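User: I am new to this structure and would like a close look at a single part of it. Please take one helix and walk me through what its side chains do.

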Amino acid sequence: MPTYRIRLHEYRPVARVFVQLLTGKWEKALEASVEELAALLRTLQDQMAPIQERIAKAKLTYGQAERQHADLQPTIDSWTKKRDTQPAHYIQKQAALTQDLADLERELQAGNPRIAALEQALIKARQERALIEDALAHLDQQVEDAKREAGRLVLESAQVVGATLTSLYLNPTLLNQQC
């Protein structure tokens with residue numbers, strides 16, 4: 001169907017009927033068109049009422065916010081000024097802490113002589129401990145060797161004593177001499 005608009009009122013009444021039958025378009029009555037437009041306008045007006053109420057509330061809220069901002073501005077300025085200006089005791093305390101920190105860093109870099117002496121004593125004590133442990137291990141070895149030697153000697157002596165007692169007991173001449 002062409003996109004141009006057919007204006008039926010431009011045709012004569014008889015021709016208009018044939019054009020309407022061929023195109024399927026009927027010209028609406030003027031009153032019907034006006035009523036449709038009026039209904040659309042009423043719908044738009046009904047839709048605009050809540051929007052206008054919301055706009056009025058938003059304007060009221062904005063006005064209140066502006067007044068509160070204006071009321072709070074001196075307080076905000078006061079707190080900003082207090083924040084930006086540091087009290088004298090705070091500055092003094094900060095300077096003292098900074099000085100203490102610098103002193104501690106210098107002492108740490110230079111090394112505390114007492115700490116150095118303690119570290120040397122600790123190293124010496126560890127060395128002595130190692131020497132003592134070595135000596136104890138050597139002594140333990142000597143004790144084990146002495147135990148083995150004593151056990152060997154006891155066994156050798158026991159064999160001699162056992163042999164002597166056996167021969168004494170078996171030899172009646174020797175047994176009589178003792179009595």
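Analyst: This is a predicted model, and a little context helps before turning to one part of it. The protein chain has five helices and zero strands, and buried residues make up 3% of its 179 residues. The part chosen here is helix α4, which covers residues 113–170 and includes isoleucine 132.

Salt bridges are a good place to begin. Side chains of opposite charge can pair when their charged atoms come close. A search of the whole structure finds four salt bridges, and one of them joins arginine 129 to glutamate 133, with their closest N and O atoms 3.2 Å apart. Both residues belong to helix α4, where four residues, or about one turn of the helix, separate them. Arginine 129 is exposed, at 56% relative accessible area, whereas glutamate 133 is partly exposed at 43%.

Further along, the side chains of glutamate 149 and arginine 152 meet in another salt bridge, at 2.2 Å from N to O. This pair also lies in helix α4, three residues apart, which is again about one turn. Glutamate 149 is partly exposed with a relative accessible area of 35%, and arginine 152 is likewise partly exposed, with 38%.

The helix also has a nonpolar side to consider. Isoleucine 132, Leu136 and Leu139 make a nonpolar surface patch of about 290 Å². Isoleucine 132 has 52% relative accessibility, and because exposed means over 50%, this residue counts as exposed.

Terms used. Residues numbered from 1 in each chain as written. Predicted model: local features only at pLDDT ≥ 70, side-chain atom pairs only at ≥ 80, totals over all residues. Heavy atoms only, no water. Helix = DSSP H or I, 4+ residues; strand = E, 2+ residues; numbered from the N terminus. Buried < 20%, exposed > 50% of the residue type's maximum accessible area, 1.4 Å probe, protein only. Patch = residues over 30% accessible without salt bridge, like charges linked within 9 Å, V, L, I, M, F, W, Y side chains within 5 Å. Areas by Shrake-Rupley, 256 points an atom, 1.4 Å probe, with all protein chains shown as cover.
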